[in-house]
Amino acid sequence: MKKKLLLLFLCACLLAGSLSSCGGKRDLMQGVTPAAVSDTAIPANGAEAASGLALRLLRQEMENGEPNVLLSPLSILCALSMTANGARGETLAQMEQVLGLPVESMNAYLLAYRKALPGEKSAGSPWPIPSGSRTTTPPLWRRIF
């Protein structure tokens with residue numbers, strides 16, 4: 001009986017704690033200004049650094065005995081680059097070594113890469129939509145309800 005009451009109490013505490021944080025909205029970007037990234041100075045070795053990281057990742061997985069590996073080197077590169085933008089000191093130096101370029105150069109390369117993707121971007125989505133592929137089919141939730 002005591003175990004059931006304790007479990008019920010813990011569940012109530014978890015629920016109350018999660019609901020209490022729902023009401024307050026904070027602007028996490030308040031006071032944060034993005035750094036300007038130049039897409040005119042595209043580093044010549046950006047593709048080499050990106051390919052090098054991808055090959056190192058795949059080689060490491062193969063050496064670990066993973067015969068069927070599915071990973072997205074571009075996604076990993078973007079995530080590491082975003083993280084490197086917030087790093088400082090020795091951590092930043094180590095991340096730049098893994099990326100193969102200084103973070104400013106990698107930012108410029110990734111911006112140029114994104115701008116070179118074909119198609120237009122939809123609002124709220126980083127993925128390109130091929131031109132002429134707009135459909136008039138309503139979203140699934142509209143068809144269901």
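**Exercise 1. Determine how many helices and strands the protein chain has, and in which pattern they follow one another.**

Solution. Step 1: Counting the elements of the protein chain gives six helices and two strands. The model examined here is a predicted one. Step 2: Reading along the sequence, one finds the pattern α-α-α-α-α-β-β-α.

**Exercise 2. Describe how helix α3 and helix α5 are oriented relative to each other.**

Solution. Step 1: Locate the two elements: α3 covers residues 73-85 and α5 covers residues 103-116. Step 2: Their axes come within 10 Å and cross at roughly 135°. Step 3: Angles over 145 degrees count as roughly antiparallel, and 65 to 115 as roughly perpendicular. The crossing angle falls in neither class, and α3 and α5 are therefore oblique to each other. Step 4: As to handedness, α3 passes α5 in a left-handed crossing.

**Exercise 3. State which residues make the contact of α3 with α5, and classify them.**

Solution. Step 1: From α3, the contact involves Leu74, Leu77, Cys78, Ser81, Ala84 and Asn85. Step 2: From α5, Val103, Met106, Asn107, Leu110 and Tyr113 take part. Step 3: Sorted by class, the contact has eight nonpolar residues, three polar residues and no charged residues.

**Exercise 4. Characterise the protein chain as a whole by its burial, its surface and its contacts.**

Solution. Step 1: Of the 145 residues in the protein chain, 15% are buried, where buried means under 20% relative accessible area. Step 2: The accessible surface comes to about 11700 Å², and carbon and sulfur atoms account for 63% of this surface. Step 3: Among contacts with a separation of 6 or more, 45% join residues 24 or more positions apart.

Note on methods:
Residues numbered from 1 in each chain as written. Predicted model: local features only at pLDDT ≥ 70, side-chain atom pairs only at ≥ 80, totals over all residues. Heavy atoms only, no water. Axes fitted to C-alpha atoms, helices over the stretch in contact; angles between N-to-C directions. Helix = DSSP H or I, 4+ residues; strand = E, 2+ residues; numbered from the N terminus. Parallel < 35°, antiparallel > 145°, perpendicular 65-115°, else oblique. Left-handed = near helix turned anticlockwise from the far one by under 90°. Contact = heavy atoms within 4.5 Å. Nonpolar A, V, L, I, M, F, W, Y, C, P; charged D, E, K, R; others polar. Buried < 20%, exposed > 50% of the residue type's maximum accessible area, 1.4 Å probe, protein only. Areas by Shrake-Rupley, 256 points an atom, 1.4 Å probe, with all protein chains shown as cover.
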